[in-house]
Amino acid sequence: MKITVQYFAKPGRREEFLHRIVTGGILAAIRKEDGCQRYDYYLSCQNEDEVLLLEEWESEAQQQVHMEQEHMKQLMEIKNDCIADTQLHKD
């Protein structure tokens with residue numbers, strides 16, 4: 001299962017968003033989850049507030065379990081603080 005997420009940070013907060021995810025251990029915890037095949041962030045060269053996330057999971061069920069993890073609650077708090085808009089696409 002593949003998921004593409006476009007994050008649009010509040011002006012000037014993109015780096016803070018990513019920094020908090022990495023230094024808080026959230027990214028490392030997600031990558032260790034059962035079924036996680038890919039969880040990578042990419043930065044836009046055209047829009048300084050845009051972040052692209054590419055996720056791949058072995059199954060939709062494993063991705064749903066991922067969404068219930070404690071570190072995902074922490075990520076949602078960071079997202080609510082730093083991100084203005086999110087667009088999600090599932091393949």
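Hi everyone. Let's start with two tyrosines: Tyr39 is buried, and so is Tyr41. Keep in mind as we go that this is a predicted model.

How do the rings of Tyr39 and Tyr41 sit relative to each other? Their centres are 5.8 Å apart and their planes meet at 80°, so this pair is edge-to-face. Tyr41 also has a partner in Phe17, and both Phe17 and Tyr41 are buried. In that pair the ring centres lie 6.3 Å apart with the planes at 90°, so Phe17 and Tyr41 are edge-to-face as well. Phe17 belongs to helix α1, residues 14–23, while Tyr41 sits in strand β2, so the pair ties together parts that are 24 residues apart in sequence.

The structure holds four aromatic pairs, and I've shown you two of the rings' arrangements here. Which residues make up the aromatic cluster? Tyr7, Phe17, Tyr39 and Tyr41 form it together.

Now let's step out to the nonpolar core. The largest one has 21 residues, and among those with the most contacts inside it are Tyr7, Phe17, Tyr39, Tyr41 and Leu75. Two or more residues come to this core from each of β1, α1, α2, β2, β3 and α4. Leu75 is a nice residue to click on: leaving aside residues up to four places away in sequence, Leu75 touches Tyr7, Ile21, Ile26, Ile30, Tyr39 and Tyr41.

On to the strands. β3 pairs with β1 in the antiparallel sense, over seven bridges. If you want a place to look, find Thr4, which stands opposite Leu54 in β3. β3 also runs antiparallel to β2, and seven bridges join those two strands. There, Tyr42 has Leu52 in β3 as its bridge partner. What joins β2 to β3 along the chain? A hairpin does, through six residues.

Last stop: helix α3, which covers residues 60–67. Which of its residues are buried? They are Gln62, Gln63 and His66. These residues span an arc of only 100° around the axis, which puts them on the same side of α3. As general background, an α-helix has 3.6 residues a turn, so residues three or four places apart point the same way. And what do the buried residues of α3 pack against? The list is β1 (2–9), α2 (26–31), β2 (36–43), β3 (50–57), α4 (70–82) and β4 (83–90).

That's my tour, thanks for listening!

Methods:
Residues numbered from 1 in each chain as written. Predicted model: local features only at pLDDT ≥ 70, side-chain atom pairs only at ≥ 80, totals over all residues. Heavy atoms only, no water. Buried < 20%, exposed > 50% of the residue type's maximum accessible area, 1.4 Å probe, protein only. Helix = DSSP H or I, 4+ residues; strand = E, 2+ residues; numbered from the N terminus. Arc of directions from axis to C-beta. Contact = heavy atoms within 4.5 Å. Phe/Tyr/Trp six-rings, centres within 6.5 Å; stacked < 30°, edge-to-face > 60°. Pairing = 2+ DSSP bridges. Core = buried A, V, L, I, M, F, W, Y, C linked by side-chain atoms within 4.5 Å.
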